[in-house]
Each structure stands twice: as C-alpha cells, then as structure tokens.
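Work through the exercises below with the model open. Try each task before reading its solution.

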Amino acid sequence: TEVLAADANQPHYHTGVLPKFKAGPPSSFGFKLTGAQQRALDSGENVLATIANKDGDGSCIAVLDIPCPKRIIWERITDYKNYPRMVSGVTRCDTYKQQNTPQCKRNWSRYVVSAMGIKKEYFVEHAYEPFKSCMTFHLDYSRQSDFDDSVGYWYVCDHPNRKDTCRVFYSCRLKLRGWVPGPVKNYLMKTAVKQATLWVDKESKAQLAKEQSGGMRLGGFPKFGLAR
C-alpha cells in the first residue's frame, strides 16, 4: 500500500488551484437537467452528467431523487464521524475544528481513504449553509494533503413534483499528485461521484424508517454542537 506524505504540521503546497464552488443551486454554475436526464430521474435512476468548466475540462455531477426530508438527508451528509461506516473507501474521518453560526456550519476534518491498494490522507474544510441548503468544501490549505487539490459541492432541494422527496446534487473535482494508476484515477474521479448520492440515499432511507418505526419527529433542521 502506497502512502504519501500528508502532514498536519505543514501548510499545503499552495492555497488552491481548482476553482471553488459557490453556495447556490446548480443553475448558478450553468447546470440544467436535460429532458432525458429528467426522465431517468423519474424512473429512479442515479444520473451522472458532465458540467463544463472555464478551463475546458469537464467535472462530474451526480443527481438522485431521495424520498426523505431535507433534515434527514443533511444529517447524513454532515455526520462526518460516521463516514467510515457509511462511505465506501473512507477508513478515517476525524474532525479537528468546528465553527458554527446560524448561517454557516463549518467543519474541518482529516480523511484517510483507501482504494485499490493506494492510501491517501487529506484535510478538508466543509461549509454547510442551511438557509441555502448547500454545502461547499475544499482542502484545508493550512495543512499538507496527499491530494494536490480537491473542491466539491452538495445541494438538496424539494422535488418539483413529488411530496416528501428531495433532489440531491453532488459534484467534486480532484487534482492528484504524483503517478496514480488509471483505474484508481477513474474510481476517484467518476465512480466516487456517483456513489456519493447512493450512500446518502441508503443511509437517509434507513434513518427515515428508524424514525417512522420509533415515532420520532420528521421536521426541522439538523442539530449541531457548540463551536469549538
């Protein structure tokens, strides 16, 4: 297993080379579902599409309709400590800093991921904005990560036609350091995007079933601890 030299005590090699996502709906960066993609979603498919970037390459965005309330979906996405259980390939996810306000819940976490014999460690700053129903994330550039850069985006909105269903969007871009085998690169940059909405779907449905069977509340927003 290959391990690179991530270091929490050293700054990253730069302060970001990939364009960061801004909080807002997918239309804010020019993405719109096609008729075929709408029909695929209506049939229950997990849609994977390409979005154009200013530098000419394309990044992937996954879209999936999940029959659960926003609160439950966001509680799963922001349940960082349980990522190793919920997300395939994540072996560690340890929060080392939080800053919470009503407008934005910031979380800094250390990830360790393993795929096809290659192990990577990296540090991420997440910014969840509840009133925009959006999260953006990028590397914590105050710490040295194995990835050269990573940026990403979650957005959850009500389904346009179905009651008690949300439409979930996920996208990320990754810039690797050093040589990585083609199959691993494909896994990290495409398959992982599509899997992201699938694990949220699975975990959200499980939590909804648990709450319904136990008579727990279904409304409101996720609860967060105090900033530290």
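Two strands pair if DSSP finds at least two bridges between them. Strands (E, at least two residues) are DSSP runs, numbered from the N terminus. This is a predicted model: local features need pLDDT of at least 70, side-chain atom pairs count only at pLDDT 80 or more, and totals for chains, interfaces and linings use all residues. Residues are numbered from 1 along each chain as its sequence is written, and side-chain values use heavy atoms, with hydrogens and water left out.

**Exercise 1. Pairing of E5**

Find the partners of strand E5 (residues 105-115).

Solution.
- Start with strand E4 (residues 90-100): nine bridges join E4 to E5, and the two run antiparallel.
- Check one pair. Asp94 has Arg110 in E5 as its bridge partner.
- Trace the connection. Four residues link E4 to E5 in a hairpin.
- Turn to strand E6 (residues 118-129). E6 pairs with E5 in the antiparallel sense, over 11 bridges.
- Check a pair here too. Asn107 is opposite His126 in E6.
- Look at the turn. Two residues separate E5 and E6 in this hairpin, and Met116 in the turn has a positive phi of about 55 degrees.

**Exercise 2. Burial of E5**

Why is strand E5 largely enclosed by the rest of the structure?

Solution.
- Set the cut-offs. Buried means under 20% relative accessible area, exposed over 50%, partly exposed in between (1.4 Å probe, protein chains only).
- Count the residues. Eight of the 11 in E5 are buried, so the strand is largely enclosed by the rest of the structure.

**Exercise 3. Two buried residues**

Compare the settings of His138 and Ala62.

Solution.
- Place His138 in strand E7 (residues 134-139). His138 is buried, at a relative accessible area of 17%.
- List its contacts (heavy atoms within 4.5 Å). Beyond neighbours within four places in sequence, His138 touches Lys20, Phe123, Val124, Glu125, Ser150 and Val151.
- Place Ala62 in strand E3 (residues 58-66). Ala62 is buried, at 0% relative accessible area.
- Its contacts, with the sequence neighbours within four places left aside, include Val47, Phe169, Val193 and Thr197.
- Add a distance. Ala49 is 13 residues from Ala62 in sequence, and their C-alpha atoms are 6.4 Å apart.

**Exercise 4. Confidence**

Where is the pLDDT below 50?

Solution.
- Recall the scale. pLDDT is the predictor's confidence in each residue, from 0 to 100.
- Take the chain average. The mean is 88, and 85% of the residues score at least 70.
- Locate the stretch. Residues 223-228 have a pLDDT below 50, with 14 contacts in the model beyond near neighbours in sequence.
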